[in-house]
Amino acid sequence: MLALIAAAALVPAAGVLPDVTLTTMDGKAVRLREYAGRKVILFNWASW
Amino acid sequence: MFVAIAADANGVAACKPFYDKAGAKFETLVDPTNAFGRAMNANVVPNGLFADESGRIVWSKIGGFEVRDPKIIEAADAFLAAPRADLPPPIEAPPPTLEALRAQVAASPRDAALRLKLGQRLLVEKRLADARRELETALGLDARNGGIRQTLASLELEAKRPGEAVKHLREALKLEPDNYIVRKQIWLIEHPERFHPEIDWAWQRDQLKKERGG
C-alpha cells in the first residue's frame, strides 16, 4: 500500500480531523469529527 | 467512506447544481467559511486527506489532488481495504452545543478564535444577527485574522449583500495575498459569467497575472 500512496504523491500527515462544523446538502449542520470511527477519504474541492 | 467538502462562500446553493449534475452518491458537505481549509493550512483546492478510524490524518495532498487520477483511486481503495489497525479510540467529541460554545466564549471573552468558532457555528445555523455580533467582536479583537474576514464575507453573501462580502474578502486578501481560495471567491462574485456555465481558465490566468502586476 505504501508504494501506491507514494505513486499517488500523497505525503504522510500529522494531526486529527479538525473540529469544524459544516453543512450537508440539505442544510443540516454536521461536525466533521462525527466521522471518526471509520476510515475516511476527504476530498476538498470548489466549483470554481 | 468518501466525503467531499466543497469550499464555496455562497454555500449550498452554489454547490448543489454541481452535486446534482455529478449524481453524487457520496456524502458532500459545504464549507462556506473555509473553516476546514484554514484548519488544514490550505490556501488552495483541490486537497485530499486520508483519515484512519481514530480520526488521525495519515496521508494528505494539499493542492493538486486529482480525485480521478488512477493512482489516487488505487491508493484510496488500498487504504480503505487495509485491515483495521490497532489504534487508539476515536477522537472524543463532546456534544457541539451552542450553549457549550457560548460558555467557552463567556469564560474567555477576549479569545477571537473562540468567537470566530461560535460565529461560524451560528452562521451554519442561519442565525445571522447573532453570528454578525460574534464575528464583529472577534474582528475587533484580532483585525489581522483573515478567517474572520472570510466568515464575515460568507455571512454577507447569506444576507444577499455581495458588495459587503467583497469588501471583507479584499481585506482578507491584503492579509493573505497567496490565499487563492479568497482570491477566487472575489472573482466569482464580481465575474460570475467567467464561472458559469463553463469555467474560463484562460481568463483566470490573465486575471491573476494582472492582479500580480505582471
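The following questions and answers go through a predicted model of two chains, A and B.

Reader: How many helices and strands are there in chain A, and what pattern do they follow?

Author: Chain A has one helix and four strands. Along the sequence they come in the pattern α-β-β-β-β. Of the 48 residues of this chain, 54% count as buried.

Reader: Why is A:Arg31 called buried?

Author: The relative accessible area of A:Arg31 is 9%. Buried means under 20%, so A:Arg31, at 9%, is buried. The residue belongs to strand β3 of chain A, residues 29-31.

Reader: What makes the pair A:Arg31 and A:Asp19 a polar contact?

Author: Their side chains are joined at 2.6 Å. The cut-off for a pair of N or O atoms is 3.5 Å, and one atom must be able to donate a hydrogen while the other accepts it. At 2.6 Å, the pair A:Arg31 and A:Asp19 is within that cut-off, and therefore counts as a polar contact.

Reader: What makes A:Asp19 and B:Lys117 a salt bridge?

Author: The closest N and O atoms of A:Asp19 and B:Lys117 are 3.2 Å apart. A salt bridge needs a side-chain nitrogen of Lys or Arg within 4 Å of a carboxyl oxygen of Asp or Glu. The pair is a Lys and an Asp at 3.2 Å, so the term applies. Between chain B and chain A the count is one salt bridge. There are also 22 residue pairs in polar contact between these chains, with both residues at pLDDT 80 or more.

Reader: Which part of chain B gives the most to the side that touches chain A?

Author: That is helix α3 of chain B, residues 70-81, with eight residues. The residues on this side of chain B divide into 46 nonpolar, eight polar and 14 charged.

Reader: How many residues are in contact between the chains, and what area is buried between them?

Author: In chain B, 68 residues are in contact with 42 residues of chain A. The area buried between the two chains is about 5,600 Å², and carbon and sulfur atoms give 68% of that area.

Reader: How do you know that strand β1 of chain A pairs with strand β4 of chain B?

Author: Two strands pair if there are at least two bridges between them. Strand β1 of chain A (residues 11-12) and strand β4 of chain B (residues 57-61) have two bridges, in the antiparallel sense, so they meet the condition. A:Val11 has B:Ser60 as its bridge partner, and A:Pro12 stands opposite B:Trp59.

Reader: What is the other strand of chain B that pairs with β4(B)?

Author: Strand β3 of chain B, residues 47-51, pairs with β4(B) in the antiparallel sense over four bridges. In this pairing B:Gly48 stands opposite B:Lys61. The two strands form a hairpin with five residues between them, and B:Gly55 in the turn has a positive phi of about 90°.

Reader: Why is β4(B) described as largely enclosed by the rest of the structure?

Author: Four of the five residues of β4(B) are buried, so the description follows.

Reader: In what order do the eight strands stand in the open sheet?

Author: The order is β1(A)-β4(B)-β3(B)-β4(A)-β1(B)-β2(B)-β2(A)-β3(A), with mixed pairing. At the edges stand β1 and β3 of chain A, each with a single partner strand, so one side of each has no neighbour in the sheet.

Reader: Why is B:Phe2 called partly exposed?

Author: Its relative accessible area is 27%. Partly exposed covers values between the buried limit of 20% and the exposed limit of 50%, so B:Phe2, at 27%, is partly exposed. B:Phe2 lies in strand β1 of chain B, residues 2-6. Leaving out residues up to four places away in sequence, B:Phe2 touches A:Ile41, A:Phe43, B:Phe26, B:Glu27 and B:Val67.

Reader: What makes B:Gln207 count as buried?

Author: B:Gln207 has 10% relative accessibility. That is under the 20% limit, so B:Gln207 is buried. The residue is in helix α10 of chain B, residues 201-211. Apart from neighbours within four places in sequence, B:Gln207 is in contact with B:Trp187 and B:His191.

How values were computed:
Residues numbered from 1 in each chain as written. Chains lettered and ligands numbered in written order. Predicted model: local features only at pLDDT ≥ 70, side-chain atom pairs only at ≥ 80, totals over all residues. Heavy atoms only, no water. Contact = heavy atoms within 4.5 Å. Buried area = accessible area lost by both parts, 1.4 Å probe. Nonpolar A, V, L, I, M, F, W, Y, C, P; charged D, E, K, R; others polar. Buried < 20%, exposed > 50% of the residue type's maximum accessible area, 1.4 Å probe, protein only.
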